[in-house]
Amino acid sequence: MTDIVATNETILVVGGGISGMTAAIEAAECGKDVILVEKAPSLGGRVSQLYKYFPKLCFPTCGLEINQRRMKANKNLHILTLSEVTNIAGDSGNFTATVKTAPRYVNENCTACGACGDAVTAEVDNPFNYNLDKIKAAYLPHNMAHPQRYVIDPSIIGTDEAEKAKTACKYDAIDLDMQETTMDLNVGAIVWATGWKPYDAAKIQPYGYDRFDNVITSVEFERMMDAFGPTGGKLLRPSDGKEAKNIAFIQCAGSRDRNHLTHCSRICCMASLKQTTYLTEQYGDDEEAKASIYYIDIRAIDRFEDFYQKVQDDPKVSFIKSKVANITLDEESGNPVLHGVDTEGYHRYSNPHDLVVLAIGMTPNVDISEIASGVSTDSSGFIQVNVDNGGIFAAGCASNALDVNRSVQSATAATLHSIQVVNKVSAAEA
Amino acid sequence: MSDEKKTAAYICKGCGLGDRLDCTELTTIAEKEGKAEIVREHEFLCNADGVAMIQKDIDEGANRIIINACSRRAKTEAFNFENVAMTRANLREGVIWSQPDTDDARETTQEMAADYVRMACAEIKFMSIPEENPEHGSNKRLLVVGGGISGMTSAIEAARAGYEVILVEKTGTLGGMAAQLYKRVPDHEDYADPQDTGVPEMIAEIGADGLITVKLDSTITRTSGAPGQFSVDITKESGVTETENVGAIIQASGFTNYDANNLPHLGYGKSPDVVDQAGLEALARAADGGAIKRPSDGKEVTSVAFIQCAGQRSSKKGELSYCSGHCCNTSIKQAMYFKDANPDVDATIIYTDLRTPGNGEDFYRSAQKKRVIFTKGEVSEVTTSGDELEVKFNDLILNEDTAMNADLVVLATGQVPNSGVNIEAATPVSVDEVEAAAEADESRINTEVDTGTVQEVSVLNLTYRQGKDLPHLRHGFSDSHFICFPYETRRTGIYTTGPVRRPMDIAQAKEDATGAALKAIQAIENSSLGRAAHPRSGDLSYPDFRKENCTQCKRCTVECPFGAIDETEDGYPLFNESRCRRCGTCMGACPVRIISFANYSVDTVGAQLKAVDMPDEFDEKPRMLVLACENDAYPAIDMAGMNGKRYSPYVRIVPVRCLGSVNTIWISDAMNSGYDMVMLMGCKHGDDYQCHFVKGSELANIRMSKIGDTLQTLNLEPERVVDYEVAITDIDRIPQLINDAAEIIENIGMNPFKGF
């Protein structure tokens with residue numbers, strides 16, 4: 001990756017999730033030179049880990065395929081994976097971005113034939129499945145990984161395992177001597193699309209995410225539905241592998257809470273409503289399958305309301321207006337028991353469930369103040385978009401808690417702002 | 001560009017292909033049957049040496065390239081050559097990875113590979129190198145229709161990127177609905193207080209920007225043409241019309257407030273002291289920070305009740321079923337107008353779900369600090385009692401019917417989109433549907449129209465064959481159906497933005513309008529290069545038709561999902577290439593098969609399916625043909641191979657741009673060639689359709705429903721042609737469907753047409 005040419009008419013996009021991919025492709029399809037930097041070994045980000053999208057219940061990989069094809073067809077776009085922007089200096093129209101690239105130990109000769117993966121026996125935590133299962137230490141991150149190229153986990157470098165991988169490769173694609181590299185890129189404008197991470201569920205002490213196996217987060221629940229997920233597409237609860245049929249969804253887990261995140265994370269209501277449909281998908285008409293949503297307000301705005309109405313009509317789903325006070329464990333059954341007061345009528349409840357899904361809040365992935373100065377963030381750490389951040393434009397969940405549709409909208413807007421900067425540069429140089 | 005075709009085929013032996021396949025035989029096939037001028041084997045075709053070898057041949061005149069290696073989805077950065085037509089035989093994912101590595105399987109695996117080589121050689125004969133469409137325009141000016149927040153934002157943002165804009169506004173002033181507001185909901189930290197709308201500043205910027213031309217009191221009376229070359233009539237209230245040429249169009253026609261006169265039970269129209277949110281803004285502007293006075297007698301309001309979801313989120317006839325999204329924040333803002341002027345005013349918001357997503361939560365918290373009262377309840381009625389109003393509601397927390405008095409009641413009503421004529425209310429999807437409806441004498445094509453949302457006045461007055469305005473999605477909004485692609489309207493180069501697209505607040509509208517401006521600029525830039533827009537962005541191929549054979553059946557003009565094809569006065573299709581998305585639905589529709597693309601045609605696919613070496617009836621080797629959507633079904637089949645999922649070796653798979661492009665001749669050709677089954681694999685259709693060409697898979701389904709007759713005339717079983725809805729995640733299911741097909745053939749027997 002030494003052939004990168006960057007100028008102050010180049011747009012740098014940081015983050016290769018749905019927002020960053022969108023910004024990069026949209027800019028490249030306007031004829032702009034774009035460098036897309038992604039920390040993970042492949043693009044797609046958090047949406048590629050989702051099973052389905054609301055409200056259409058379609059699959060994120062479908063849009064990912066279209067976006068990847070757009071990227072493959074576009075010569076204006078240069079992708080750097082395993083890379084992070086560590087520092088930004090300079091001003092709008094003339095930035096220097098420092099990019100640190102971690103070694104993949106696999107070069108462009110890789111055909112993704114899989115021989116190295118077959119040769120290696122060591123396994124490592126699988127980040128694509130939120131570390132809920134293991135993957136070979138020489139691996140393709142997931143089925144849709146782009147670039148379609150294997151990665152050698154650094155943990156086996158210097159061991160026989162790494163040598164096994166290297167020996168297995170007939171194409172001279174494994175280079176165990178690869179080192180971390182750092183380079184400075186001159187760019188004109190920056191789209192910052194580093195996305196979100198789930199709020200640390202363990203911090204919500206009364207819910208016992210760190211104490212009870214059968215209390216999981218909404219993002220983990222998504223992986224369970226995927227045939228290539230940790231449970232092979234079955235809703236099996238972690239404690240005993242039993243099918244989870246009576247499932248509780250706790251809304252505002254971390255959000256709308258002074259002790260945790262003050263903002264509303266926007267997506268979680270729709271995410272839980274969507275996840276209730278997974279029960280029908282798994283269990284059909286089985287009467288034991290039940291979803292209980294514990295909520296404060298159901299925020300299904302605009303035409304998402306249609307979806308909410310559909311879910312309300314599902315006899316499997318019940319709604320309890322309540323902020324759950326705490327969760328205890330019924331040792332014998334392994335069931336988490338939810339305690340609280342249903343505020344509609346003030347009834348106390350102690351409800352056992354097979355599995356509890358925390359509709360976990362969104363918090364920004366990266367603190368940009370450590371990388372660039374002069375970028376304004378709000379009290380939640382999101383980059384404010386309606387203020388002048390001087391040539392750095394936030395897109396997607398770096399700017400706010402947004403769903404996919406809103407993220408793409410935000411990224412498309414950020415793209416135009418970045419193009420305004422580089423167009424000014426080229427006009428000045430013309 | 002040279003017209004002389006020179007074909008070069010390359011056979012890769014890497015990734016186990018050399019071990020599993022008899023590559024010498026494949027070479028012979030490419031030479032003898034495929035008639036490739038150059039055939040080369042390579043140990044590792046995608047490495048620098050292999051690519052250099054191919055490039056050298058290209059430099060020496062090879063211009064039809066056949067890569068017999070991995071899937072067309074793999075190693076695209078290596079096999080990326082300029083000025084050639086290229087096809088790829090999928091021997092890796094599609095053959096050796098989907099078949100067991102056993103001695104028993106060796107023969108059928110080799111047969112598969114041999115057929116894919118034959119198919120690629122046959123296809124390339126009919127492929128030419130796409131060249132840019134000569135009809136493209138290169139006008140780079142934008143037209144923005146609507147001068148509210150959304151339209152003003154699009155104009156300003158496009159001009160800031162250096163593009164000229166014509167901004168057309170129906171009324172005499174810019175600003176739209178936002179100009180009627182006293183203040184707006186805050187859009188930045190600390191999200192605590194209402195802030196100025198910013199409208200005067202935007203109007204000033206537009207006035208000072210030399211790139212923006214504003215036309216007030218004007219509407220669009222005619223729009224024709226295509227991206228890069230739209231021609232638009234702009235008519236002044238006075239009746240004077242000017243014609244302008246523009247490259248792309250942004251429709252920011254906004255919304256109308258829901259008519260609160262439909263809500264007499266909530267007191268609207270009965271008491272002047274019941275107002276909607278727009279009415280309250282007028283009172284607040286009159287008060288200008290002072291005490292808000294009620295309309296009936298000018299008394300300073302001491303208690304105000306806000307009724308959320310008035311006429312919305314409702315299943316009642318004439319009311320809106322959706323949520324308008326902004327109204328909770330708007331009522332909070334309006335309650336603050338009272339509290340900020342006089343903290344002693346009682347301001348109560350009665351709601352069922354308080355919807356303040358994102359930082360709206362901070363604003364909500366600020367209102368709580370200002371002692372705005374929030375009551376979870378459902379209002380049944382507003383009545384007058386003396387000079388006060390009584391709001392009767394069910395308190396959902398206490399679960400009891402109760403009432404409160406107020407000087408003033410504000411109804412939080414919804415947004416109704418100004419999306420023009422609902423062209424699909426009476427427009428059929430396909431010609432077959434028209435015929436079916438005529439036969440059955442039923443009017444099922446007149447689909448139901450959302451109540452209260454139909455606007456009779458067209459916004460764009462398009463001269464398009466398929467109607468005057470953009471198709472509506474749901475509830476009258478002209479939204480995109482695609483989660484990943486929110487700007488994908490069904491008219492190329494025309495983008496909707498703001499509340500005409502979906503209900504939204506000012507902050508979202510500004511962001512949305514900026515994004516729409518980007519998409520419009522992109523459409524201009526791409527059409528000026530003769531390239532397709534999303535999702536086949538960059539594609540230079542375009543539909544070409546042989547007029548002399550056209551029967552004027554109108555299938556193509558009716559069925560194009562993007563309204564790209566008009567009709568000439570003498571009844572022939574008029575292709576507007578720059579409006580085309582290159583899905584090939586017209587090609588699939590054409591009964592006389594005269595529509596084609598340079599690199600994709602009835603012949604490129606027809607030749608492939610006929611190139612397969614068909615075993616005779618007694619060989620016990622059936623053949624199934626799969627026509628697979630290249631975006632979803634085909635990747636799923638690839639991933640099945642990558643994961644070692646096994647499927648029958650008797651299948652031959654051909655990727656298609658969209659099932660909409662499947663011409664029924666392929667089905668009869670396949671049957672006549674002796675295939676035992678044909679399977680179509682495309683995307684889900686219906687309300688939650690997943691077809692990225694909108695109607696393609698649905699049209700294929702309609703067409704296939706008629707294929708039964710054809711099969712019967714051939715004396716063939718209807719089970720021989722099946723149409724499956726699949727998804728890209730069907731990595732287990734598709735191999736199963738293929739294997740099931742092999743079983744079906746066992747039951748119904750082989751196709752008797754083999755060997756004829």
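Trainee: How many residues of chain A are in contact with chain B, and what makes two residues count as being in contact?

Mentor: In this predicted model, 64 residues of chain A are in contact with 70 residues of chain B, where contact requires that the C-beta atoms, placed from the backbone, lie within 7 Å. Residues are numbered from 1 along each chain as its sequence is written, and chains are lettered from A in the order in which they are written. Local features need pLDDT of at least 70, side-chain atom pairs count only at pLDDT 80 or more, and totals for chains, interfaces and linings use all residues.

Trainee: Which element gives the most to the side of chain A that touches chain B?

Mentor: H8(A) does, with 13 residues; a helix here is a DSSP run of H or I with at least four residues, and a strand a run of E with at least two, numbered from the N terminus.

Trainee: What makes S1 and S11 of chain A a pair?

Mentor: Two strands pair if DSSP finds at least two bridges between them; strand S1 (residues 11-14) and strand S11 (residues 189-192) of chain A have 4 bridges in the parallel sense, and therefore they satisfy the definition. Among the residues involved, Val14(A) has Trp192(A) as its bridge partner in S11(A).

Trainee: Why are strand S3 (77-80) and strand S22 (392-394) of chain A called edge strands?

Mentor: In the open sheet of order S3-S2-S1-S11-S22 (chain A), each of these two pairs on one side only.

Trainee: Where in chain B does pLDDT, the predictor's confidence in each residue from 0 to 100, stay under 50?

Mentor: It does so over residues 441-455 of chain B, although the mean pLDDT of chain B is 94. Where pLDDT is low, the predicted coordinates should not be read in detail.
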